[in-house]
Amino acid sequence: MPAQVLKPKPKKPAEQALVASESELRALFASMQDVVLVINREGVYRKIAPTNPALLVKPPEELLGKNLRDVFPAEQAETFLTAVRQVLETHQSVRIEYELLIGECPTWFATSISPMDDENTVWVARDITERKQAEAALFESEARYHSLFDRMMDGIYRSTHAGKFVEVNPAMVRMFGYSCKEEMLSVDIKKELYFAPDERGSHVLDTGQEEMDVYRMRRKDGSEIWVEDHGSYIHDEQGRVTYHEGMLRDITERKRAEDLLETTHRELQQSLEREQQLARTDGLTGLYNYRHFFELASREFSAALRYQRPLAILMFDTDNLKQINDTLGHTAGDRMLVLVAQTAAAQLRAVDALARYGGDEFVVLLPQTSARQALPIAERVRASIAAMRMETDKGPLGATLSIGIAEIRREPEDENVERLVQRADQAMYAAKHAGRNRTVIFGPHEEGAVR
């Protein structure tokens, strides 16, 4: 009898549907990253879905049938059991977060525990380690920021465009003398921190970039504070100003030091100018002294030679000063010298330089002027002195001048300005010898006296 081949019976549609459903379920579990567990009221692992065994504290075969107390420390196991009882008693899901050591790595889980029936709960645990690390990093960053914010010596602020503080650090509160942060947040910046309301408008940094400005403000007690403001405006998406934020540094002491330094520098400069003025002027008459005159005359002499320009020197003295000193005293003589100096200066041009040469002698530098051109100037000076009078105890007193004029020489060329002064001096003495109260232009025989 031939052997019979038994053919498998075809599966019924219900069985096929069940197999397909189980396959789909296994595929779904395999794709899941969450851990899915069934734990009963006593804390025993009843089922472990094949979803992500890498997140289990032990392999599935070592956990099935074990109690939570066998796997975790007593305190943590009791926390889990408490959550299980709560779910079964309330028939409401709960969510808990906890940390486990998976291998050597601490891992954070967010777990949803839901009732399955009267005795069992379903646990769906998700790895939230990255989120926790991000939260920890953010917390640490914020902690560092607040620590820095609170410990900074400079004031940090954020204010509205309307003039109210939104945030200030402790240094800002101390800087302006307020008792607490809340008190300063209630301040009207424009009215209370500026001496004049319009001052705030002049320090607006509406450029969108951080800028630095230095200006004064007012403390709570009304005293002045100078600040260095590093700040900028914050705009919204429509470009409208939302906040002004930045850092204020108290530079009051620096400003006072700068002002003191500036004042000291100005006083030193003025002192130096006074010293320089004293160094080049005669103490009695206020005219240039002998030394400064020769500095000016030497420069003008060199320019006259280089550019072939005329140059004249005029010398004069007071004819009767010795008589005044002998009869009225040196005080009267000094008064006469001052009066002679003032009267002569009034007759000279702006470009001329008048100096006291010594005793009762004076010298005048006349740039770009020949001897003949200097003559009417000398005569004007002589006539003005002859016409003046000085009041004394013995009545009005007059004076006369003997004046000598010399001009730069080309052939032979003068070696220096001293030679020119010497010739003017010789002409002055020729005027004295000719009878005083006259002007003489230097010549071979000092001819040309003019009365």
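**Surroundings of Arg 356 and packing of helices H12 to H14**

In this predicted model, Arg 356 is in contact, once its neighbours within four places in sequence are left aside, with Asp 282, Leu 284, Thr 285, Leu 287, Tyr 288, Asn 289, Tyr 290, Leu 337, Glu 361 and Phe 362. Arg 356 belongs to strand E12, which spans residues 353-358, and its relative accessible area of 17% places the residue in the buried class, for which the limit is under 20%. The side chain of Arg 356 also reaches the backbone oxygen of Gly 359, at 2.9 Å.

Leu 337, one of the residues in contact with Arg 356, also takes part in the contact between two helices. The axes of helix H12 (residues 321-328) and helix H13 come within 7 Å and cross at roughly 145°. On the H12 side the contact is made by Leu 321, Ile 324, Asn 325 and Leu 328, and on the H13 side by His 330, Ala 332, Gly 333, Met 336 and Leu 337. By class, these residues comprise six nonpolar and three polar ones, with no charged residue.

Helix H13 (residues 330-346) is also paired with helix H14 (residues 371-387), the two axes coming within 9 Å and crossing at roughly 140°. H13 and H14 are therefore oblique to each other, and their crossing is right-handed. In this pairing, Val 340, Thr 343 and Ala 344 of H13 meet Val 381, Ser 384 and Ile 385 of H14, a contact composed of four nonpolar and two polar residues, with no charged ones.

Methods. Residues numbered from 1 in each chain as written. Predicted model: local features only at pLDDT ≥ 70, side-chain atom pairs only at ≥ 80, totals over all residues. Heavy atoms only, no water. Axes fitted to C-alpha atoms, helices over the stretch in contact; angles between N-to-C directions. Helix = DSSP H or I, 4+ residues; strand = E, 2+ residues; numbered from the N terminus. Parallel < 35°, antiparallel > 145°, perpendicular 65-115°, else oblique. Left-handed = near helix turned anticlockwise from the far one by under 90°. Contact = heavy atoms within 4.5 Å. Nonpolar A, V, L, I, M, F, W, Y, C, P; charged D, E, K, R; others polar. Buried < 20%, exposed > 50% of the residue type's maximum accessible area, 1.4 Å probe, protein only. Polar contact = N/O pair within 3.5 Å; in protein donor to acceptor, adjacent residues only side chain to side chain.
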